[in-house]
Amino acid sequence: MINSSLKQLGQQLASKQVSSVELTQAYLQRMAQLNPTINAYVTIDEDKTLAQARAADARIATGDFGPLTGIPLAQKDIFCAKGWRTTCSSKMLETFISPYDAHVISQFDAAGAVNLGKTNMDEFAMGSSNETSYFGGVKNPWDFDRVPGGSSGGSAAAVAARLCAAATGTDTGGSIRQPASLCGFTGLKPTYGLVSRYGMIAFASSLDQAGPMAKSAEDCALMLNVMAGFDERDSTSVNREKEDYTRGLAAMTGEQPLKGLRIGLPKEYFAEGLSADVAKVIETAIAEYKKLGAEIVEVSLPNNNLSIPVYYVLAPAEASSNLSRYDGVRYGHRAAEYNDLMEMYMKSRAEGFGAEVKRRILIGTYVLSAGYYDAYYLKAQQIRRLIAQDFVEAFKHCDVIMGPAAPSTAFKAGEKTSDPVAMYLEDLYTIAVNLAGLPGMSIPAGFAQNSEGKALPVGLQIIGNYFDEARMLEIGHAYQQVTDWHTQMPEGIA
Amino acid sequence: MQWEVVIGLETHTQLQTKSKQFSGASTTYGADPNTQACEVSIALPGVLPVLNKEAVECAIKFGLAIEAEMAPRSVFSRKNYFYPDLPKGYQISQFELPVVGKGKITIQVPATKNTEAYEKVINITRAHLEEDAGKSVHGAVEGMSGIDLNRAGTPLLEIVTEPDMRSAAEAVAYAKKLHELVQWIGICDGNMQEGSFRCDVNVSVRPKGSDKLGTRREIKNLNSFKFMQQAIEYETQWQIETLEDGGTIQQATVLFNPDTGETRAMRSKEEANDYRYFPDPDLLPLEVTEADKARVKALMPELPQALQARLVSEYQLSSYDASTLTASRSQADYFVATVAAGAEPKQAANWVMGALSAKLNAEEKSIVDSPVSAAQLAALLKRIADNTISNNAAKQVFEGLWAGEGEVDAIIEAKGLKQVSDTGAIEAIINEVLAANQAMVDEYKAGKEKAFNALVGQCMKASKGKANPAQVNELLKAKLG
């Protein structure tokens with residue numbers, strides 16, 4: 001059952017083979033058993049969770065239910081959920097109980113999904129290994145010595161260890177796709193503006209986007225059906241007609257379902273920085289796509305090498321302002337002792353934020369300062385447009401772009417914590433997608449043996465044009481019809 | 001040395017919208033602390049701003065009213081600083097691209113003992129939309145400071161002038177004109193006590209004839225015209241004395257203390273914040289199209305300048321009268337209503353600016369609360385025009401109307417004020433007066449013009465003031481031939 005697809009679980013719930021309460025309890029039991037080791041969840045509240053499961057069962061009994069009614073999901077702790085502690089894995093919000101629901105949370109509530117708990121993450125989504133969390137690191141279920149990636153590391157581990165049927169994540173520079181690659185599941189970062197950011201705690205507003213993290217493309221499509229949609233409370237939410245992201249999946253069978261599809265391979269994605277074992281897996285996956293009927297085109301993203309420096313100007317700039325509200329005045333951490341207002345601010349923020357968050361606030365404050373703004377922030381905005389333009393050019397020659405989602409397989413905990421730049425390079429293939437606002441997805445494409453002979457998952461990244469999520473999910477689904485990487489589970493967690 | 005003061009104003013006008021600039025919370029003044037602070041006002045984690053369309057409409061109205069350039073696209077920026085009443089740690093404002101660009105406002109500077117009244121055009125640099133902060137409340141709880149976020153997020157239009165004013169009188173005339181204008185177009189209630197209209201005044205001095213600006217000091221948060229006048233006068237004198245004593249002026253923000261009548265520096269420029277402005281990524285650029293402007297224009301009342309021109313061309317009023325009558329929308333409305341009810345325009349203007357205005361001032365009443373309605377005043381003026389009563393009698397009727405003694409004709413009847421216009425009756429009175437005052441008649445005939453007026457006076461007295469003075473004049477002249 002733990003390896004069932006959302007569709008299968010939905011059918012079992014609908015046919016009353018299993019109740020939502022039973023299903024939920026099964027997950028809660030797994031969580032009780034494995035979470036103390038893996039640390040995927042930072043907040044579990046069985047009473048709340050089971051109340052939702054009972055409500056879902058009542059809905060199913062009346063016949064008023066949808067594909068996700070009664071299905072237990074994990075929610076990244078970046079989404080405000082009414083009555084739930086919502087921390088962003090920061091000491092700053094350690095005791096913050098949200099009085100309101102994020103748009104994503106209320107969409108899942110309306111769909112009748114069950115919230116299993118809030119998942120661990122890098123503090124305020126700043127990190128690529130989940131090691132910046134105030135609540136400690138998360139174990140990669142494929143190798144407990146290794147990180148799950150980040151920032152959505154808790155959701156990633158929860159999906160990989162089957163501690164939930166599916167999860168939500170957010171992706172500012174790769175925080176859904178890189179963990180999906182490192183933990184071996186399917187994760188989709190939608191087009192900027194497709195999913196409302198209301199109630200999703202801001203890191204870098206112009207880059208943040210929520211998306212599904214699940215076992216398969218089909219599961220992601222079902223999740224996205226609930227998450228996507230216009231919300232007038234988010235001015236950057238795009239007002240367009242609702243889509244059914246599962247509509248084209250059934251056609252992805254038979255010989256060459258992807259005939260005519262042009263896949264662009266950016267030469268910059270297969271250059272220095274990519275580990276050889278990952279490159280091999282990606283090449284094999286591309287070969288599989290050829291068999292499915294796709295054509296391969298070489299494309300170029302000449303400014304991709306600028307994406308990391310541009311990102312580390314823009315994201316910290318926005319973050320430095322977004323995180324100003326955590327001042328100890330109205331909610332969140334306040335220092336126990338202080339002599340005046342300035343000291344209260346300084347001590348509260350010094351105590352409440354971790355090192356990486358402070359580093360980015362400092363960078364952001366610096367690049368926005370008078371005298372530096374033009375050289376950093378404005379220049380970065382100009383280059384951001386060039387990076388987006390690269391994709392416009394590339395999509396003249398192809399329908400989707402493919403490549404690695406991360407430069408290597410999961411690395412060991414502690415390996416990169418002392419070298420922030422090495423950590424930042426984890427997002428070499430994902431960041432440009434956020435800067436351009438495009439949708440990107442990572443699907444399991446195989447395994448690479450590490451030096452100790454352990455098999456670690458590798459993700460294939462699929463980048464689509466704006467609002468092309470339905471097509472990308474079809475392309476992922478077609479691959480998952482002829483491969484079984486996405487159904488494999490780590491040893492010892494079954 | 002002769003000194004010249006240079007003044008520019010920044011005015012925060014609170015826009016009359018139902019909800020806040022970027023959220024649905026109410027903007028009603030005076031509610032219990034923090035009862036009008038929604039999740040956006042408190043800046044909970046994860047909340048986002050949504051621009052209030054009503055506030056944008058107000059800005060467009062103002063832009064149209066001052067014939068300003070309005071960019072098709074303006075941008076909201078974040079002004080970053082820490083303060084307990086600023087929940088997000090930044091204020092959403094407009095920095096590089098404001099919604100309203102260059103425009104102008106014509107002011108009337110009143111006459112003084114030494115100078116005549118004059119008009120002057122004040123150039124407006126820009127007007128931009130922003131949100132207000134909350135309030136710190138000190139002393140409500142012993143040893144603690146409280147924060148009330150009801151006001152946080154209230155929509156403001158900040159209106160900035162060029163440094164065009166050269167005296168406290170000009171600055172006050174501008175502030176009053178702006179105060180009337182924003183109320184005229186219905187974007188601000190103008191309530192200065194509640195902080196709906198607050199002025200920051202930049203003051204510098206320079207040797208007369210110099211075209212270089214001196215170093216300015218900014219007087220913050222003036223909320224009455226009287227204080228503005230006092231503060232500018234004090235500040236100007238202080239700067240001149242400082243310079244004459246060999247000192248220099250440091251750029252600074254100063255506060256005016258109404259009790260002492262002095263200004264005092266609050267913080268100097270060295271302590272000023274670096275606000276780290278950058279475009280707010282949570283908000284899209286604001287687009288104002290020609291169609292938006294046309295739609296808003298259709299909702300606007302006739303503007304004071306246009307009405308003023310119409311009063312001159314249509315009603316043949318002097319431009320002085322027209323400008324005085326349009327000093328406030330309520331007064332203009334009253335005048336237009338009086339004329340619409342049948343009064344002769346020039347006479348209506350004289351009464352509105354004269355007797356009515358004097359009585360309102362004396363009783364500290366606003367024209368909208370006038371006990372004498374425009375229709376009543378028109379009825380009264382008609383009785384003067386048709387010779388039913390004299391001007392003098394009309395004043396008594398006006399008092400009666402003010403006291404609520406009834407309608408015009410009833411008061412005339414009750415007080416017996418009807419004027420005698422019957423030629424025969426007046427001639428009889430004249431004959432009596434002439435017979436009784438032969439000496440005056442002789443004086444007149446000997447060339448003393450004054451004697452004629454004395455005879456008219458005698459006639460009016462004999463008629464108990466009821467004779468039509470024009471007729472008396474005419475008939476008397478004929479008789480004395």
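In this predicted model, the residues that line the second largest cavity fall into five nonpolar, two polar and four charged. The volume of this second largest cavity is about 80 Å³, and its wall is made up of Gly193(A), Leu194(A), Ala228(A), Gly229(A), Phe230(A), Val238(A), Arg240(A), Glu241(A), Lys242(A), Glu243(A) and Tyr245(A). The largest cavity encloses about 120 Å³ of space, and 15 residues form its lining, with Val40(B), Lys88(B), Glu131(B), Ala152(B) and Gly153(B) lying nearest its centre. Eight nonpolar, three polar and four charged residues make up the lining of the largest cavity. The count of cavities of 30 Å³ or more comes to six.

Among the open spaces, the second largest pocket has a volume of about 1,200 Å³. The lining of this pocket comprises 39 residues, and those closest to its centre are Lys176(B), Glu180(B), Thr324(B), Ala327(B) and Ser328(B). By class, the lining of the second largest pocket holds 18 nonpolar, 14 polar and seven charged residues. Several secondary-structure elements of chain B, namely the strands β5 (103–109) and β6 (118–131) together with the helices α3 (168–184), α4 (225–244), α7 (319–325), α8 (329–340) and α9 (345–362), each contribute at least two residues to the lining of the second largest pocket. The greatest contribution to the lining of this pocket comes from α3(B), which supplies nine residues.

The position of the second largest pocket can be related to the domains of chain B, for which the assignment gives domain 1 (3–291), domain 2 (302–415) and domain 3 (423–480). Because domain 1 (3–291) and domain 2 (302–415) of chain B both give residues to the lining of the second largest pocket, this pocket lies between them. The centres of domain 1 and domain 2 of chain B, taken over C-alpha atoms, are separated by 36 Å. Contact between these two domains of chain B involves 10 residues of domain 1 and 12 residues of domain 2.

In chain A, the packing of two helices was examined. The axes of helix α9 (residues 307–322) of chain A and helix α11 (residues 355–368) of chain A come within 7 Å and cross at roughly 100°. Since angles of 65 to 115 degrees count as roughly perpendicular, α9(A) and α11(A) are therefore roughly perpendicular to each other. On the side of α9(A), the contact is made by Tyr312(A), Val313(A), Pro316(A), Ala317(A) and Ser320(A), while α11(A) takes part through Arg360(A), Ile361(A), Ile363(A), Gly364(A), Thr365(A), Val367(A) and Leu368(A). The contact of α9(A) with α11(A) divides by class into eight nonpolar, three polar and one charged residues.

Two features of the backbone of chain A were also noted. Gly150(A) and Ser151(A) are joined by a cis peptide bond, for which omega is about 10°, and Ser151(A) is located in the loop between β3 (114–119) and α5 (153–160) of chain A. Asn39(A), although not a glycine, has a positive phi of about 65°, and Asn39(A) is placed in the loop between α2 (20–38) and β1 (41–43) of chain A.

Notes: Residues are numbered from 1 along each chain as its sequence is written. Chains are lettered from A and ligands numbered from 1 in the order in which they are written. This is a predicted model: local features need pLDDT of at least 70, side-chain atom pairs count only at pLDDT 80 or more; totals for chains, interfaces and linings use all residues. Side-chain values use heavy atoms; hydrogens and water are left out. Axes are lines fitted to C-alpha atoms, for helices over the stretch in contact, and angles run from 0 to 180 degrees between N-to-C directions. Helices (H or I, at least four residues) and strands (E, at least two) are DSSP runs, numbered from the N terminus. Angles under 35 degrees count as roughly parallel, over 145 as roughly antiparallel, 65 to 115 as roughly perpendicular and the rest as oblique. Contact means heavy atoms within 4.5 Å. Ala, Val, Leu, Ile, Met, Phe, Trp, Tyr, Cys and Pro count as nonpolar, Asp, Glu, Lys and Arg as charged, and the others, Gly among them, as polar. On a 1 Å grid over the protein atoms alone, a cavity is a set of points where a 1.4 Å probe fits but cannot get out, and a pocket is an open set with protein on both sides within 12 Å along at least five of seven lines; lining residues have an atom within 4 Å of a point. Grid points are joined across faces, edges and corners, and a volume is the space filled by probe spheres set on the points. Domain bounds come from an automatic or database domain assignment.
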